[in-house]
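Visitor: I'd like a close look at a single part of this protein, rather than a tour of the whole thing. Could you pick one spot and work outwards from there?

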Amino acid sequence: MIELDVTLLRPVWGLFLVVVCGAGWWLLSRAGGFGAWDKVTDPQLVQAMAAIGRIEGGSFPLTTAALLLTTGIIAIALIGPAIERRDAQTYRNLDGVLFLVDASESVADDDRWPQMLSMGRLGVSALGSRPGGIIVYAGDAYVATDMTTDHRQLGQTLSLIDGQTVPDKGSRPERALALADQRTEEAGILAGDVVIFTDGDGLGTSSLQQVASLASRGARVSLVSVHSPTAQIQTHATVGGGAVFTLNQSDDLAIWLADDAATRLKRADYPVLFWHDLGRYLLFFALLPLLFLFWRAGA
C-alpha cells in the first residue's frame, strides 16, 4: 500500500474554499423551481399545471454549477496540497550544527568541565539526520571535526577535548565564530545552528559582530553557559536568534537541536526544497468545466 504524506503549503486559502462552498450552496438551493412562486403557490396546483403543460419545470443551472466547480478547484490549488520530495533527505545537510567549545584554562580547569562535555554529547545525540561539526578554541580556533553525520565520531571527539587541546593561551570566541561563519558558508548551510560552550570570557564587540554575521546568513547562535548567564551572554543569544542554556538544561538543549530541517528551512523560506506543490496540476482540472460550457454553447 502506498501512503502519501500530504501537507498544505498555504492553508489560509482554505477560507476562500469555505466561502466558495457557502456561495455554491446558496445559489444552487435557489436555482430550479419557479423562483418566489414556489413559496406562495399550492404545490398541488403547480403539479397540476405542469401536468397539463401550462408551466415548465425549472432546469438545473449548469453554467452556475460549472463556474462554482472551477472556482472551487482553483481554491484547492491555492491551498497548495503537496507531497514530500523523494530527494528531501538530500537537503538535510543544509541544516547542520556547529559546536564551539571553549577549551581555555578557565573552562577546562573548572569542576563543571565534565558536565559541560556530557551536555555536548547529549546535544550531539539529538541531531537526528542533521550533520554536526566541532570547533575548539582558546587563544585561537581550530576545526576539531568537520561537518559529518557520523555522530558517534563527534561524541568521541568531544570526549577527548581537554585543556591541552589548544596550545594558544587565552579565550578568543570571535575567532571561533569567524571560523564557524567560514565553515557554514563552505558547507552551503542555509539554516543551521551554532552552539557555543563558554564561561563568558572573551565575549565582546568583536564576537557580537560575528554572531550578527552568522544570524544574517540564517544560522541560530545559542550559548551554553558554564556559570550563571551574564548580560553579555544574553545579548549574544538575542542577536543570534538563539537561546541560552545552563548546564542543568541538557534536555532543553536536546529539544532545541532536534528541531527538524524541514521546519527550519521553512522559516528560511525554502519549503520548495522539501515539498512538491500539486496545486499547479489541479489548475488543469479547473479548465474542464469551462471547456464543457464552451462545447455546450457551440452545440
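**Leu-247 and its surroundings**

Guide: Let's start with Leu-247, which has a relative accessible area of 6% and is therefore buried, since the cut-off is under 20%. Keep in mind that this is a predicted model. Leu-247 sits in a loop, the one that links β8 and α11. Setting aside neighbours within four places in sequence, Leu-247 is in contact with Arg-112, Gln-115, Met-116 and Met-119, and also with Val-224, Ser-225 and Val-226. Take Met-119 out of that list: 128 residues separate Met-119 from Leu-247 along the chain, yet their C-alpha atoms are 6.9 Å apart. That fits the chain as a whole, where 79% of the contacts between residues at least 6 apart in sequence join residues at least 24 apart.

Now step out to the core. The largest nonpolar core has 28 residues, and Phe-99 and Trp-113 are the two that touch the most other members. Both elements flanking our loop, β8 (241-246) and α11 (250-257), supply at least two residues each to this core, as do β3 (97-102), α5 (105-108), α6 (113-125), β4 (132-137), α7 (151-160) and β6 (193-198). The biggest share comes from α6, with five residues. As for Trp-113, beyond its neighbours within four places in sequence, its contacts are Val-101, Asp-102, Ala-103, Val-107, Ala-108, Ile-161 and Asp-162. There's also a second, separate core of 20 residues, and Leu-177, Leu-179, Leu-223 and Ala-237 are among them.

While you're around α11 (250-257), have a look at Trp-256: the charged end of Arg-220 sits over its ring, 4.0 Å from the centre.

Rings also meet other rings here, with four aromatic pairs in the count. In one of them, the ring centres of Trp-13 and Phe-16 are 6.1 Å apart and the planes are at 80°, so this pair is edge-to-face. Trp-13 is partly exposed at 36% relative accessible area, and Phe-16 is partly exposed too, at 33%. Another pair is Phe-284 with Phe-285: the centres are 5.5 Å apart and the planes are at 75°, so that one is edge-to-face as well. Phe-284 counts as exposed at 52% relative accessibility, whereas Phe-285, at 45%, counts as partly exposed.

To put Leu-247 back in its setting: buried residues make up 41% of the 299 in the protein chain, and Leu-247 is one of the buried ones. The chain around it comes to 13 helices and nine strands.

Note on methods: Residues are numbered from 1 along each chain as its sequence is written. This is a predicted model: local features need pLDDT of at least 70, side-chain atom pairs count only at pLDDT 80 or more; totals for chains, interfaces and linings use all residues. Side-chain values use heavy atoms; hydrogens and water are left out. Helices (H or I, at least four residues) and strands (E, at least two) are DSSP runs, numbered from the N terminus. Buried means under 20% relative accessible area, exposed over 50%, partly exposed in between (1.4 Å probe, protein chains only). Contact means heavy atoms within 4.5 Å. A nonpolar core is a set of buried Ala, Val, Leu, Ile, Met, Phe, Trp, Tyr and Cys residues joined through side-chain atoms within 4.5 Å. Rings of Phe, Tyr and Trp (its six-membered ring) pair if their centres lie within 6.5 Å; planes under 30 degrees apart count as stacked, over 60 as edge-to-face and the rest as tilted. A charge sits over a ring if NZ of Lys or CZ of Arg is within 6 Å of the ring centre and within 35 degrees of the ring normal.
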